[in-house]
Amino acid sequence: MTDGLTALVTGAGGYVGSIAMRQLQESGKYAHVSGTMYRKHVDDADLMDITNRDQVFTVLREKRPDHVFHFAAISNVDYCEKDPDLAHSTNVEGVRNLVDACKEVGAKLVHVSTDYVFDDKSTRPYMEFDTARPLQVYGKTKHESEELVLNAGGIVVRSSGVVGYAGIHDDKFMKFLIKGGPQGMYNNGKKCFTFAPDLVAAMAALAEKGASGVYHVAGPEKLTWYEYASTIRDNIEESVLSRIPEHKQLKLFVKEPQAVNGHQVPRPEKVFLDTSKIRREFPDLKFHTAQEAALIMGEQIARDYDIQLLPV
Ligand SMILES: NC(=O)c1ccc[n+]([C@@H]2O[C@H](COP(=O)([O-])OP(=O)(O)OC[C@H]3O[C@@H](n4cnc5c(N)ncnc54)[C@H](OP(=O)(O)O)[C@@H]3O)[C@@H](O)[C@H]2O)c1
């Protein structure tokens with residue numbers, strides 16, 4: 001139990017950060033969970049630009065969290081390629097600030113990284129100790145940040161294609177299901193999609209155990225975005241979706257990869273994370289398939305929609 005402990009979630013307004021915030025608050029494992037925000041407003045969160053060292057130290061000194069779950073980053077692969085300086089200052093120098101501030105206040109840092117630290121040359125799923133060979137700016141910055149966290153005794157959790165339900169209007173993945181209409185999805189590049197609550201549960205378990213080092217956390221299937229999205233669509237009840245007023249029938253089509261500054265940003269064609277380490281050390285953790293995740297997300301959507309219908 002983490003009774004009496006406190007947690008801080010960076011990037012609480014982001015996709016995975018917002019899911020983590022809610023899940024950690026509802027888990028009952030922490031006496032208090034607070035979040036940080038950047039450009040997007042989040043109720044009760046502290047303003048913290050990760051690139052602003054003073055701001056990072058101010059928030060950490062005030063909150064003095066036991067565990068810090070770090071989601072703030074420039075996570076858009078194409079955007080990192082367009083603005084590598086911003087990607088570096090946020091994804092590397094920002095992490096340096098956080099690592100130093102965590103060290104000062106004695107907080108355990110749990111940092112999310114990515115399968116994009118790897119290329120696609122391995123003939124087997126990548127293990128934690130395999131050599132990183134990132135193909136693009138995003139992967140390079142994330143790999144640099146990993147080194148900073150590991151040198152300070154923190155936890156690096158590499159994940160892949162993280163998808164979860166973050167609320168009807170804020171969710172960049174679910175919005176396409178809810179609003180429907182024609183939607184393009186890439187059908188190249190297979191990966192092990194991860195249900196966001198599984199990632200958050202694993203991060204919390206690692207923090208609770210006081211672990212350190214690298215862990216791979218990913219789902220059990222190897223799919224493209226198109227295949228994953230199709231499975232989600234096929235397994236969320238149309239009867240649930242059709243109760244949402246703005247819902248239109250979804251028509252998925254295969255989207256072609258887009259060029260950035262005249263060239264394709266290199267992405268690994270197939271990158272699979274071997275998750276035997278986390279499964280061995282934490283046999284109670286669950287890693288949902290796309291179909292299982294869809295059923296849970298369908299229930300979450302239905303619940304949220306009912307809440308919106310009821311007078312407060
Ligand atoms: N999503 C995935 O499939 C996936 C897979 C593997 C790993 N990850 C990792 O998971 C983490 C979260 O990803 P995500 O998909 O949730 O990304 P996201 O939705 O883009 O969220 C990123 C968050 O970072 C914040 N941020 C950006 N610049 C900042 C700065 N200078 N200071 C403080 N906060 C800043 C953003 O704030 P504003 O919104 O206010 O700008 C946002 O809250 C990232 O580290 C990413 O590398 C994601």
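## A pair of strands to start from

Let's begin with one residue: Thr6 sits opposite His32, which belongs to strand β2. The two strands involved are β1, covering residues 6-10, and β2, covering residues 32-37, and they pair in the parallel sense over 4 bridges. One thing to keep in mind as you look around: this is a predicted model.

Strands of a sheet pair through backbone hydrogen bonds, and that pairing can be parallel or antiparallel. Here, 7 strands make up an open sheet with parallel pairing. Walk across the sheet and you meet them in the order β3-β2-β1-β4-β5-β6-β11. Where does the sheet end? Its edge strands are β3 (46-47) and β11 (213-216), each of which pairs on one side only.

## Helix α1, on the sheet and beside α7

Now look for helix α1. It packs on the sheet and touches β1, β2 and β4 (67-70). Its direction makes about 165° with that of β1.

Helix α1 also has a helix for a partner. Two packed helices are described by the angle between their axes and the distance between the axes. For α1 and α7 (residues 196-209), the angle is about 60° and the axes are 10 Å apart. That angle makes α1 oblique to α7, and the crossing is right-handed.

Which residues meet here? On the α1 side you'll find Val16, Ile19, Ala20, Gln23, Leu24 and Ser27, and they meet Ala196, Pro197, Val200 and Ala204 of α7. Sort the residues of this contact by class and you get 8 nonpolar, 2 polar and no charged.

## Helix α4 and its two partners

Next up is helix α4, which packs with α5 (residues 137-151) at an angle of about 15°, their axes 9 Å apart. Such an angle makes α4 roughly parallel to α5. The crossing is right-handed. From α4, the residues in this contact are Pro84, Ala87, His88, Asn91, Val92, Val95, Arg96 and Val99. They meet Val137, Tyr138, Thr141, Lys142, Glu144, Ser145, Leu148 and Val149 in α5. By class, that gives 9 nonpolar, 4 polar and 3 charged residues.

The other partner is α2 (residues 53-63). Its axis and that of α4 come within 9 Å and cross at roughly 30°, so α2 counts as roughly parallel to α4. Here α2 passes α4 in a right-handed crossing. Helix α2 brings Arg53, Val56, Phe57, Leu60 and Arg61 to the contact, while α4 brings Asn97, Leu98, Ala101, Cys102 and Val105. What's the mix of classes? The contact of α2 with α4 has 7 nonpolar, 1 polar and 2 charged residues.

## Around the ligand

Finally, find the ligand. How many residues surround it, and which come nearest? There are 28 residues around the ligand, and the nearest are Gly11, Gly14, Tyr15, Ala72 and Ala73.

Some elements you've already met turn up again here. Helix α1 (15-27), helix α4 (84-105) and strand β5 (108-114) each supply at least two residues of the shell around the ligand. The largest share, 3 residues, comes from α1. By class, the shell divides into 12 nonpolar, 12 polar and 4 charged residues.

Note on methods. Residues are numbered from 1 along each chain as its sequence is written. This is a predicted model: local features need pLDDT of at least 70, side-chain atom pairs count only at pLDDT 80 or more; totals for chains, interfaces and linings use all residues. A residue is near a molecule or strand if its C-beta atom, placed from the backbone, lies within 6 Å of it. Ala, Val, Leu, Ile, Met, Phe, Trp, Tyr, Cys and Pro count as nonpolar, Asp, Glu, Lys and Arg as charged, and the others, Gly among them, as polar. Axes are lines fitted to C-alpha atoms, for helices over the stretch in contact, and angles run from 0 to 180 degrees between N-to-C directions. Angles under 35 degrees count as roughly parallel, over 145 as roughly antiparallel, 65 to 115 as roughly perpendicular and the rest as oblique. A crossing is left-handed if the near helix is turned anticlockwise from the far one by less than a right angle, and right-handed if clockwise. Two residues are in contact if their C-beta atoms, placed from the backbone, lie within 7 Å. Two strands pair if DSSP finds at least two bridges between them.
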